[in-house]
Amino acid sequence: MAKYPDKVDLYDDRGRVFASKVPVEALSPLRNPAMQKIISYVKQCVSVNLEGIEKALATGEVGGKWCIIRGRSLKLDLVKNAESIADSLKSCLQVTKDDDTEVKVLKGGKHLLVKVPAKRLNAGVEYTTGFTATAAALCCTIVENFKVNLWDADLIHAAVWGRYPQTMEPLGGNVSSLLSVPQQNEGMGYALRNVPCAHIALITKKNAMNAAALSSILEQAAMFEMGDAIGNFERLHLLGLAYQGLNANNLVYDIVKENSKTGTLGDVAISTVKRAIADGVIKPLEKKPSGYTAYTTEDLNKWNAYAAAGLLAGTMVTCGSARSMQHCPSVFIYFNDLIERETGLPGVDFGRVAGTGVEMAFFSHSIYGGGNPAVFHGNHIVTRHSKGYAIPCVAAAVALDAGTVIYTPEKISGVVGETLSEVPELREPLRYVNEAAVSIHGGI
Amino acid sequence: MVAYKPQYYPGNSKIAKNRKKYLDPSYKLKKLRTISDDDLVKLMGHRVPGEAYKSVHPPLEEMGEPACPIRELVEPTPGAKAGDRIRYIQFTDSVYFTPLTPYMRAWMGHTRYRGVDIGVLSGRVPLEARERDLEKVAKELVETEIFDPARCGIRGATVHGHSLRLDENGMMFDALRRFVFDKKTGEVVYVKDQIGVPLDKPISVGKPIKEEELREMTSEYRVDGVPFREDKEMVEFVQRLHMLRTEAGFDPNKVKGI
C-alpha cells in the first residue's frame, strides 16, 4: 500500500514518455532498486591512476605536488602490465570467486575502474572501505607482481595512498573515490552531497538531463540520510526528486522547450506558473486593489516541486543559451524572486535556494575567492543550505558549459569522472531509474 | 494552457507600478539618448572599437558539442555560438530617486534579456554576458529611460558613491571622477572608461533627468518620496511571503489555502 497518493508519468531525457501513472514512491531512494544500485556503486567504485603511480615512482614525487624524495625512484612498467595488475588486484579484492568484484582496464592501461565487492562494505560501517581496500590491495599487488623489496615498499605505499596518514585525506595519491573522507563532511549524512559537480558532469558525459538526475538522486538520497526527508517532509522531497531531478510529467523538458529559442529567465518563471495553474496546483486567492492576484495552494509540496522543476528549466535556458556555467547562482536568486512576485507564493525550498544563490554568487565570481561552479557540491560551506534543490541545477549548468572557465571540469575531476562514466547506471541514471520504477510499481 | 497575463510585481503605489512597467518586457523602454556603438565599446573598455571579438573557446560549430538533448534544444546566443569571452558592464545607482534600484536591475535584466548573469552587491550591479550579447544589452541600458546620466554611474571598479549626497550639480560622488558635469552644455561627460582609464575623447551621455521627472519614474521607495510603508499592498505581500516561508519550514502540509 502506497503511503502517498501521488502518481507521475515517467519520461526520458528527450521528452519521450516511458511509463504512465507510476507511484512517486517508486522513485524513492528507499524503494527504487536502480537508485540503491547507484548509491552502492558510489561506495563500491574506485578509480586508479596507474599512469600516475608509474610517474610518481619514477620521479619520487609522492604525497603531493613538488614533494620529491631525492634519490628514491622505481622504474616499474605498470601501464604496460595493466592487464596482469588488474587480474591480481581482482583476486586480491574478491571475497568469493563469484562475487561482484570487477576491475576494468581503461585508456590502454592508464586507468583502472575498480568495483570492490559489496561483501567487503557490508562487513564494515564506513563507506571508505571502497578506497582503503583498493589502495591496500593495489600495494600488495604491485609489491608481489613486480617483486618490490622491503626497502622500496614504502615508496609504493606513498605513490598509491599519497601522504595519508600524515594528511587527513590521501594527498597526492593515485586512488580516488567519488566520496571524500568522512572528516570532510559538514555533518551527519552529508557523504553523498560531497561530490563536486565537475564529477557529475563528466560521469554523465555532459548530458544536462542526466547530470541533473544523478545529482538530484545523490542530494535527495542524502536528505533521507541526514534526517530531512522523513515524516512531514518526506513527500516534499519525493516530489522534488521526481519533478526536478527525474523530469516527471516531462515538466522540465516541456518548460525548456517552450523557452528554447528566445525565452528569458522571466519567461521560464511565467511558463512554470502557467503550468502550475493549468495542472490545478495553484489557484487565485484574492485580487488586490492594484489588480494583482495573490495565489494560493492546497499542496505546497507539489508547488515546491513545480517551482524546483522551473528552476532547473531556468538554469538550462539561461546557462544553456550562454553555454556558460557561471550564470547559475544568478538564476537561483532571481528565478525565485520573480516567481514569488508573480504568485505571492514562496520560491523553491521556501527561500533556501535564493539564499544559497546569494552566497554562491559571491564565491563563484571571484569576489571572496572560491571557484567556478564545477567545484561546488551539496556539502560546500556556501551551497549546503538548500535541501537538495540547488546542486542538481549547478550540475546541469556545468554540463552545459562550452569552455568558459580556466579550471575546466576535466581538470577538476581528473581521473574519477572519466572512469566512473563507464558505469552505465551512473552515466544514464534517468533510464535505469525509470526502468526500475516500472519494475517495482506493482508492489507499491 | 490557460490564458494567463503575467503580473510581474505586486503593490498599489506609483513605485510599484513603475517597477511593474520596467519588468514587463512588452513595455518598450523610452530611448532618451544615442550613444554610438564605438563610444559604448570605449566606455566598457573591453576591446578597442573595430577590434575583433576575442574568444574563450572555438565557435560551437567548429568544436562540436556533447550529445545532450538540452544543448540540442536551447539555441545559443550569438556570442555563445561564436565563443566570445564573457565580459561585463557594471552600474552604481544613487539612492536619490534613480530609475532603477539595484535589485530592479537584476529582475529587469532577467525578464528582458537572455543568457545574462547579473549580481547585486551593496553598491554595484554587474551584468555579465558573452561580449557581443553584452554590447547589445548595454546599449539599451545606457540609452533609455532607466539610465540617468547624473545619478547612475557606469563603474567597473571603485564604485563607492551610491549612498552619498549629490554634489552641487546634482551628480553622484565618484572617487575616480570618471564623469564630469559640463556646465557649458549642461551634459554629463565621461572622461574615463568604467575602470577609470582616461578616454582619448570625452563621451557625452546627455543631460541629467530633472528631479521632478525622476521622482515620477523612480522605482525606489524612500521616506522623502513614496515610503514603502505607505504601500499597504506591498507590505502585505512581503509579510505574507515571510509568513508562508516560515510556516512551510515548520510543516509544509499545514500551509493550505492561505
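## Exercises on a two-chain model

Chain A has 19 helices and eight strands. The model is a predicted one, so keep that in mind as you work through the exercises below.

### Exercise 1: the overall build of chain A

Work out whether the radius of gyration of chain A agrees or disagrees with that of a compact globule.

*Solution.*
- Start with the chain length: for 444 residues, a compact globule would have a radius of gyration near 22 Å.
- Set the value for the model beside this: chain A has 23 Å, which agrees with the rule.
- Now look at the box along the principal axes: the C-alpha atoms of chain A fill roughly 85 × 50 × 35 Å.
- Next comes burial: 60% of the 444 residues in chain A are buried.
- Finish with the contacts: of those in chain A with a separation of 6 or more, 69% are between residues 24 or more positions apart.

### Exercise 2: the domains of chain A

Find the bounds of the domains of chain A, then describe how domain 1 and domain 2 touch.

*Solution.*
- The domain assignment gives domain 1 as 7-31 + 191-443 and domain 2 as 45-177. Domain 1 is thus written as two segments, with domain 2 numbered between them.
- The C-alpha centres of these two domains of chain A are 36 Å apart.
- Across the boundary, seven residues of domain 1 are in contact with nine residues of domain 2.
- Sort the domain 1 side by class: five residues are nonpolar, one is polar and one is charged.

### Exercise 3: a helix of chain A

Take helix H13 of chain A, residues 328-343, and compare its reach with the expected span.

*Solution.*
- H13(A) has 16 residues, and at 1.5 Å a residue the expected span is 22 Å.
- From first C-alpha to last, the helix reaches 22 Å, close to that expectation.
- Check its surroundings: 15 of the 16 residues of H13(A) are buried, which leaves the helix mostly covered.
- Step just past the end of the helix, and you meet A:Gly344, with a positive phi of about 80°.

### Exercise 4: a sheet in chain B

Trace the strand order of the four-stranded open sheet in chain B, and place B:Phe91 in it.

*Solution.*
- The order is E2-E3-E1-E4, with antiparallel pairing.
- E2 (117-118) and E4 (152-154) of chain B are the edge strands, each pairing on one side only.
- Turn to strand E1 of chain B, residues 86-93: three bridges link it to E4(B), and six bridges join it to E3(B).
- B:Phe91 has a bridge partner in each of these neighbours: B:Ile154 in E4(B) and B:Val125 in E3(B).
- B:Asp93 stands opposite B:Cys152 in E4(B).
- Is E1(B) enclosed or open? Seven of its eight residues are buried, so the strand is largely enclosed by the rest of the structure.

### Exercise 5: where the chains meet

Describe the contact between chain A and chain B, and say which element gives the largest share of the chain B side.

*Solution.*
- Count each side: chain B contributes 56 residues and chain A contributes 60.
- On the chain B side, the elements giving two or more residues are helices H4 (69-73), H6 (102-112) and H9 (232-250), together with strands E2 and E3 (125-130).
- H9(B) provides the largest share, with eight residues.
- By class, the chain B side divides into 33 nonpolar, 12 polar and 11 charged residues.

Conventions: Residues numbered from 1 in each chain as written. Chains lettered and ligands numbered in written order. Predicted model: local features only at pLDDT ≥ 70, side-chain atom pairs only at ≥ 80, totals over all residues. Expected span 1.5 Å × (residues − 1). Buried ≥ 20, exposed ≤ 12 C-beta atoms within 10 Å, placed from the backbone. Pairing = 2+ DSSP bridges. Contact = placed C-beta atoms within 7 Å. Nonpolar A, V, L, I, M, F, W, Y, C, P; charged D, E, K, R; others polar. Rg over C-alpha atoms; globule rule 2.2 N^0.38 Å. Domains from an automatic or database assignment.
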